[in-house]
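Visitor: I'm new to this one. Could you take me through the cysteines up close, and show me how their surroundings fit into the whole chain?

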Amino acid sequence: GLVLGLSELPYLVVSCTAFTFIFYWLVGLNRDWGWFFFWLLVFFLYVVFNTYMGIMLAAWLPNQGIAEFFGLAIVLVLSLTCGLTIPFPKIPIWWKWAHWANPLAYAINAMEASQNYCEGSDCNYVVLVDPITGKRTLTSVWEYLRISYGLRYGDTWVFAGALIASCFVMLICTLVALKFVCHLKR
């Protein structure tokens, strides 16, 4: 189980680094090298989490078709509760726990906060228009994201740590499956 996870790391490092070097600068994200490497770290950890989740599903489930179905269902729930499809402040109270247990939510929050956090007059601003009254309001992009999506800046490293913990949870679940689940029994 551990070897399965470790054997994926060299490929993931190369592919995530190549993707990030192209994507990050092409899109025009924050020009600070520190935030570039933080973004790369968070992206890498989320890709590792997804890889380890796939390995875990393959270990727990009897065949590829069932593993694909459960993988799709998990990705759907992660996407719905990450805070983008339905912004965190608008997620129903009974689904908030799914947001806090969601590695995608931690990745998005860390990536967005690292790129859009701003204080002072150096910020990017956006004009919001009330669709009913037509009233225009000038606000910083960070304030809009913070209020509308519930993003938090001060916890970016905590969120990266949560991604590391999520990877370890997937590895432990894989080890448990390899130890106790055998699909060859008749």
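Guide: Let's start with the whole chain, move on to the cysteines, and finish with a serine. Keep in mind that this is a predicted model.

The protein chain has 7 helices and 2 strands. Reading from the N terminus, you meet them in the order α-α-α-α-α-β-β-α-α. Along the principal axes, the C-alpha atoms fill a box of roughly 70 × 40 × 25 Å. There are 186 residues in the protein chain, and 37% of them count as buried. Take the contacts with a separation of 6 or more: 64% of those are between residues 24 or more positions apart. As for the outside, the accessible surface comes to about 11,400 Å², and 69% of that belongs to carbon and sulfur atoms. You'll also find 10 positive and 9 negative side chains, with the centres of the two sets 11 Å apart.

Now for the cysteines. The count comes to 1 disulfide. Its partners are Cys-118 and Cys-123, and their sulfur atoms sit 2.1 Å apart. To count as a disulfide, two cysteine sulfur atoms have to be within 2.5 Å, so this pair, at 2.1 Å, makes the cut. The link between Cys-118 and Cys-123 is left-handed, with -100 degrees about the S-S bond. Cys-123 itself is buried, at a relative accessible area of 10%.

What about Cys-16 and Cys-167? For the sulfur of Cys-16, the closest cysteine sulfur is the one in Cys-167, and that is 11 Å away, so it's too far for a bond. Turn it around and you get a matching answer: the sulfur of Cys-167 has its closest cysteine sulfur in Cys-16, at 11 Å, again too far for a bond. Cys-16 counts as buried at 2% relative accessibility, and Cys-167 is buried too, with a relative accessible area of 6%.

One last stop is Ser-114, which lies in helix 5, the stretch covering residues 103-116. Ser-114 has a relative accessible area of 2%, so it counts as buried. Which residues does Ser-114 touch, leaving out those up to four places away in sequence? They are Asn-30, Trp-35, Phe-38, Trp-39 and Thr-156. There's a polar link to look for as well: a polar atom of the Ser-114 side chain lies 2.9 Å from the backbone oxygen of Met-111.

Technical notes
Residues numbered from 1 in each chain as written. Predicted model: local features only at pLDDT ≥ 70, side-chain atom pairs only at ≥ 80, totals over all residues. Heavy atoms only, no water. Buried < 20%, exposed > 50% of the residue type's maximum accessible area, 1.4 Å probe, protein only. Helix = DSSP H or I, 4+ residues; strand = E, 2+ residues; numbered from the N terminus. Contact = heavy atoms within 4.5 Å. Areas by Shrake-Rupley, 256 points an atom, 1.4 Å probe, with all protein chains shown as cover. Lys, Arg positive; Asp, Glu negative; His and termini not counted. Charge placed at Lys NZ, Arg CZ, Asp CG, Glu CD. Polar contact = N/O pair within 3.5 Å; in protein donor to acceptor, adjacent residues only side chain to side chain.
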